[in-house]
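I opened the notebook with a short list of things to look up. The entries follow in the order I took them.

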Amino acid sequence: MLVALGALAALAAGGWAWRKWAPRSFWYAVEFPAKATLVYLTWTHVASGCGLARKRRRWRFTLDAVSLAGSVSRSAKDTSAVMVQQRRVRSVQVEKAPRLRLLRPTPLGWRVWVKLHDGQVPDDYVKVGERLAHAWRVHAVRVIASKPGRVQLLATMRDPLTVVNIAPETGELLTVRPGMLENGQPWIIDFRTVPHWLNAGATQSGKSNLANAIIKGLAPQPVALVGFDLKGGVEFTPYAPRLSALATTRGECVGLLDDLVQVVTDRMALCRTHGARNIWRLPDHLQPVPIVVLVDEVAELFLMADKREKEEVSKSATALLRVAQLGRAFGVYLVVCGQRIGSDLGPGVTALRSQLSGRICHRVNDPETANMTLGDMDPDALDAARAIAAETPGVAVIAGQDGSWHRARSVYVSEEEAEAAARRFAHLSPGWSELTATGPATGGQAAEPLAA
């Protein structure tokens, strides 16, 4: 008995050490097989409790009470019958759970394809995701893909957004890795795929930290960075060595936006001359420098204290909208940030939002901002954004052009790190006079030193 107890103690200690020092191998070798067995054994009951099962008629053996013989007692008024149990095969209604395919493990949980019953849609599984998470004792269950008649579920054992430690740089042009998605995959912002982004968030929600991560990720790349800082320059001035231009007042913004519109017009003429639909189809020696524009506190561009500012607001709104509409094909990309983004700022904000296909919503102070950011994409994404806690800065709900949404969290990038990256790669910052030089030939020549 002592030997058996010692062996059990050693086994328990070894399992504890294995789980602590090599959690990934312990998950694949021990925890996942146990979880998969539990999921398969309880799936019928779980599907029934979540309302996913359907009634089906099946042939089953049943026990029926059959009258075998009758007898009459001594009292003529009393009659009785002898009843016996007899097995019969008959068609009965039974609950049939959707068929589970093979569970495939991931570092944070598992994914599985489920065959839909007739009349079911993926949204039925979206609605019961929280119920499935409680039934399977996991952190969350999400629908991540669907095909005709099938839906794929992703179950995560823990929240991968608790600690995010990832480098923003990717080494690819116009691509930044600012953080991590809730499914454990890196969060990638590819401006060539999704050219314009709307970043909304209250104070201390992580909005400025995301801007730091984007600047740090783009700093070593041969791109031009342009800043619009309506906080008087306190946000982007420390990164001035890496910025080709910086506007800190509305008047400066109007002039800088006019320059950007002229840049787009010149590049449009360059592409038309060479028969190209966009700058990426031009010869390498003619491709102009991509420009990433960061706008902080966009609401300040649309606010009016009196009627005298109406013309200035109208000019800035129109120019920014033109850049958003035409910039993608000609290498001008937008990241528009703001604490307050509402329809009360005017029709210009609504028109601008429709051009920003990438959406990032941190914790916000009012539901109108969340609705303006995510309301036209998915109601579930809107609910998830409203549930972001103040104790989790950097957590956001993101949505791309494909319509899917995810919870994500940006990696913490201090101002000192972003400033150091701006100073280190200041030599890659092209002069604004070079970028705004008119003429197709000049535009092409300005790109050659950066490409080299």
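Among contacts in the protein between residues at least 6 apart in sequence, what percentage join residues at least 24 apart? I looked this up before anything else. The answer is 65%. I note here that the model is predicted.

**Overall counts**

I went on to the totals. The protein has 452 residues, and 45% of them count as buried. I find 14 helices and 16 strands.

**Cysteines**

How many disulfides does a search of the whole structure find? I got zero. I then checked two cysteines for burial. C253 has 0% relative accessibility, so I enter it as buried. C361 also goes down as buried, because its relative accessibility is 0%.

**Helices α1 and α2**

Next I turned to helix pairs. A pair is described by the angle between the axes and the distance between them.

I began with α1, residues 2-21, and α2, residues 23-49. Their axes come within 5 Å and cross at roughly 125°. That angle makes α1 oblique to α2. I listed the residues that meet. From α1 they are G15, W18, R19, K20 and W21. From α2 they are P23, S25, F26, A29, V30 and E31. Sorted by class, this contact has six nonpolar, two polar and three charged residues.

**Helices α8 and α9**

How do α8 and α9 lie to each other, roughly parallel or oblique? I took the geometry to settle it. Helix α8 covers residues 310-326 and helix α9 covers residues 347-355. The axes cross at roughly 15° and come within 9 Å. Angles under 35 degrees count as roughly parallel, so I record α8 and α9 as roughly parallel to each other. The crossing of α8 past α9 is left-handed.

I then read off the contact. L320, L321, A324 and Q325 are the α8 residues. They meet A351, L352 and Q355 of α9. I count five nonpolar and two polar residues in this contact, and no charged ones.

**Helices α10 and α11**

The last pair I looked up was α10, residues 367-374, with α11, residues 379-386. These two pack at an angle of about 140°, and their axes are 10 Å apart. Roughly antiparallel would need an angle over 145 degrees, so α10 and α11 are entered as oblique to each other. Their crossing is right-handed.

Which residues make the contact? On the α10 side I have P367, A370, N371 and L374. On the α11 side I have A381, L382, A385 and R386. By class, the contact of α10 with α11 holds six nonpolar residues, one polar and one charged.

**L116**

I moved on to single residues. L116 sits in the loop between β4 (109-115) and α3 (122-127). Is L116 buried or exposed? Its relative accessible area is 12%, so I enter L116 as buried.

I then checked what L116 touches. Leaving out residues up to four places away in sequence, I find V121, P122, Y125, G149, R150 and V151. I looked up V151 in more detail. L116 and V151 are 35 residues apart in sequence. In space, C-alpha to C-alpha, they are 7.1 Å apart.

**T175**

T175 belongs to strand β7, residues 175-181. I read 5% relative accessibility, so T175 counts as buried. What does T175 contact, leaving aside its neighbours within four places in sequence? My list is T170, I188, I189, D190 and Q221.

**Positive phi: Q204 and E297**

My last look-up was backbone phi. Q204 is not a glycine, yet I read a positive phi of about 65° there. E297 is not a glycine either, and its phi is positive at about 55°.

Where do they lie? Q204 is in the loop between β9 (196-200) and α5 (207-218). E297 is in the loop between β12 (291-296) and α7 (299-302).

I checked burial for both. Q204 has a relative accessible area of 65%, which means it is exposed. E297 has 9% relative accessibility, so I enter E297 as buried.

Terms used
Residues are numbered from 1 along each chain as its sequence is written. This is a predicted model: local features need pLDDT of at least 70, side-chain atom pairs count only at pLDDT 80 or more; totals for chains, interfaces and linings use all residues. Side-chain values use heavy atoms; hydrogens and water are left out. A disulfide is a pair of cysteine sulfur atoms within 2.5 Å. Buried means under 20% relative accessible area, exposed over 50%, partly exposed in between (1.4 Å probe, protein chains only). Axes are lines fitted to C-alpha atoms, for helices over the stretch in contact, and angles run from 0 to 180 degrees between N-to-C directions. Helices (H or I, at least four residues) and strands (E, at least two) are DSSP runs, numbered from the N terminus. Angles under 35 degrees count as roughly parallel, over 145 as roughly antiparallel, 65 to 115 as roughly perpendicular and the rest as oblique. A crossing is left-handed if the near helix is turned anticlockwise from the far one by less than a right angle, and right-handed if clockwise. Contact means heavy atoms within 4.5 Å. Ala, Val, Leu, Ile, Met, Phe, Trp, Tyr, Cys and Pro count as nonpolar, Asp, Glu, Lys and Arg as charged, and the others, Gly among them, as polar.
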